[in-house]
Each structure stands twice: as C-alpha cells, then as structure tokens.
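Reader: I'm in my first year and still learning to read these pictures. Could you pick out one part, the salt bridges, and walk me through it slowly, then show me how it sits in the rest of the chain?

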Amino acid sequence: MLIEPFLCRKDNIAVLLHDEVSRKTIAIDASDGTAILEKLDKMGWLLDIVFITHHHADHTEGIHILKEKTGSLLIGPEDEKEKIPGLDRTVRDGETINTGFCLVQAIEMPGHTLGSMTYYIPQEKHIFTGDTLFSLGCGRPFEGSAAMLFSSLQKFNKIPDDTQVYCGHEYTVSNGYFALMVDPHNQVLQKRMANVIALRQCGKLALPSTMSLERMTNPFLRSADPKIRINLNLINASDESVFAELRERKDNF
C-alpha cells in the first residue's frame, strides 16, 4: 500500500491510500476537494472510497466535488449522518469495512464531536484519528466532555506500539511547546521536538507519528505520569482529573 499525506486548507492533513495491485484508492476526510483531486491527478490514481472522521466543515467541505468528479463511495459515522451530506454508507463502533484490498476497523471516539470516528487498518499498521488524537496533543471536546474524550483516548491503549498515526491537522509544533511546558524534563520529548521543528522549517510534515512515540511524549496519553502530576500539583488526583486539567490548560495556552 502506498500512502500520501499532504497539507490542504491551512493546516488540515489529507491522506490518500493506494493499493498497487487492485489500483483502488482511499481518502481520509474531504477537507479540500480541489486539492485532493489535484493530488490524485498528480499521482495518477482514481478515487474509490472516502472515509469521513466527523462532521466539522473543515473535514467535509470537499464532499460535493469529490462525489461529482469521482463517484466515490462515501463512508462516515452513523451518529453524524444527519450532519454529513452525501453519505452512501454509515458505520458504527466496532464495524469492519472490506474495501476490496484492506479491512478497515471503525472505532467510535466521542468527545471532539459526539460521533467522531477513528479508522484503523491493523494489517497495514495505520490508524487515522481525525481530530481526536493529534501528534503530541488531542482535540478539544467541542460537543462532548473532557471525561468523554478521556474515555475515548483510552481505546488507543489497545493499538500496537508500531502503528503509524495520521491525524487531521498539523499542530505538532504548538502541541509540542505545550507538552514541554507540562513535561519539561522528558528527554524523548525534547529530542522529538528538535526533529519536529527541523522538519517543519523545511516545509515537511512532522507525520506520521507512532503509537509508541505518542505514549512516550504526548501528555494527553500520560495522565498517570508522576512527573506531569507533580508539575500540575495533582499528585493524588485521578487520571481523568489530570487529563481534564491538561485539556483546560491547553485551551488557554
């Protein structure tokens, strides 16, 4: 499988997956229909399926043009079908979709929106997290609560360390500065941030990440870490309370 992530709009990340045997192509989200069509044309690929992670406009505005120009199958979360125009099929938590060249598992992760969906391809070791889990961060709980988002993020505990993580936005630098503020002595984080800054200065994406790297450096997956708890003065708080404090501080960062 070939995979092509690229920036569109301002900081959205669109992703195309292409199977060289079947010649089928998948897009994750429809952030910018024109940009996706241009990338498809450049790669010489035809679009077959679009997976939508959630209903926000910056992930769905390209639906109309992609449907019109490619006739691709549009798949999205059942709980947001009234908010996403043009869906051909909906999926619920735990469903597996056979694309004809890979099996995609749908994992519902409410919090950012109430029906946010993450898509996981175990055999390829790729996971597409939309705006739920970011590189070095997580999404804001716009529709759900911090507790709901915390619960959703626990589902990543079952994803293997070597899984590559593709998220919906390139926020890695700003997320990293916040991570360093709450976890300043994390040497893995320090090294990662140096690499991230170098990549972004060269105009390259700081993605994909891996689940292993996120577990070592993303504070939103590390509420139990004693060093972070000491910095927040929440040594004896619950993991959920530490997460909520991290999320509130990031909102005002």
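Author: Let's begin at E95, which counts as partly exposed because its relative accessibility is 27%. This is a predicted model, by the way. Who is the partner of E95? R89 forms a salt bridge with it, and the closest N and O atoms of the two are 3.8 Å apart. A salt bridge here needs a Lys or Arg nitrogen within 4 Å of an Asp or Glu carboxyl oxygen, so the 3.8 Å between R89 and E95 makes the cut. R89 is partly exposed too, with a relative accessible area of 32%.

Now shift your eyes to E78 and R92. Their side chains meet in a salt bridge, at 3.5 Å from N to O. This pair links distant parts of the chain: E78 is in the loop between β5 (73–77) and β6 (89–91), while R92 is in the loop between β6 and β7 (96–98), and the two are 14 residues apart. Is each end buried or partly exposed? E78 has 15% relative accessibility, and because buried means under 20%, E78 counts as buried. R92 has a relative accessible area of 47%, so it goes down as partly exposed. This pair also has company: E78, K81 and R92 are linked in a network of salt bridges.

Next, have a look at D161 and R215. Their side chains meet in a salt bridge as well, with 2.5 Å from N to O. Again the pair links distant parts of the chain, with the two positions 54 residues apart: D161 is in the loop between α4 (146–153) and β13 (164–166), and R215 is in helix α7 (residues 211–217). Both ends are partly exposed, D161 with a relative accessible area of 43% and R215 with 24%. How many salt bridges does the structure hold? It holds 15, and the pairs above are among them.

What about links between cysteines? A disulfide is a covalent bond between the sulfur atoms of two cysteines. A search of the whole structure turns up 0 of them. For C8, the nearest cysteine sulfur belongs to C167 and is 12 Å away. That is no disulfide, because the two sulfurs would have to be within 2.5 Å. C102 is in no disulfide either, and its nearest cysteine sulfur, again that of C167, is 19 Å away. Both C8 and C102 are tucked inside: C8 is buried at 4% relative accessibility, and C102 is buried with a relative accessible area of 2%.

Finally, zoom out to the whole chain. You can count 9 helices and 14 strands in it. Buried residues make up 51% of the 253 residues. Among contacts with a separation of 6 or more, 59% are between residues 24 or more positions apart. The C-alpha trace spans about 55 × 40 × 30 Å along its principal axes. A compact globule with 253 residues would have a radius of gyration near 18 Å, and the chain agrees, because it has 18 Å.

On the outside, the chain exposes about 11200 Å², with 49% of it supplied by carbon and sulfur atoms. One spot to find there is a nonpolar surface patch of about 330 Å², made by Y177, M181 and F253. M181 is in helix α5 (residues 172–182), and it is partly exposed, with a relative accessible area of 45%.

Note on methods: Residues are numbered from 1 along each chain as its sequence is written. This is a predicted model: local features need pLDDT of at least 70, side-chain atom pairs count only at pLDDT 80 or more; totals for chains, interfaces and linings use all residues. Side-chain values use heavy atoms; hydrogens and water are left out. Patches are made of residues with over 30% relative accessible area and no salt bridge: like charges are joined within 9 Å, nonpolar side chains (Val, Leu, Ile, Met, Phe, Trp, Tyr) within 5 Å. Accessible areas come from the Shrake-Rupley method with a 1.4 Å probe; for residues, only the protein chains shown count as cover. Helices (H or I, at least four residues) and strands (E, at least two) are DSSP runs, numbered from the N terminus. Buried means under 20% relative accessible area, exposed over 50%, partly exposed in between (1.4 Å probe, protein chains only). The radius of gyration is taken over C-alpha atoms; the globule rule is 2.2 Å times the number of residues to the power 0.38. Contact means heavy atoms within 4.5 Å.
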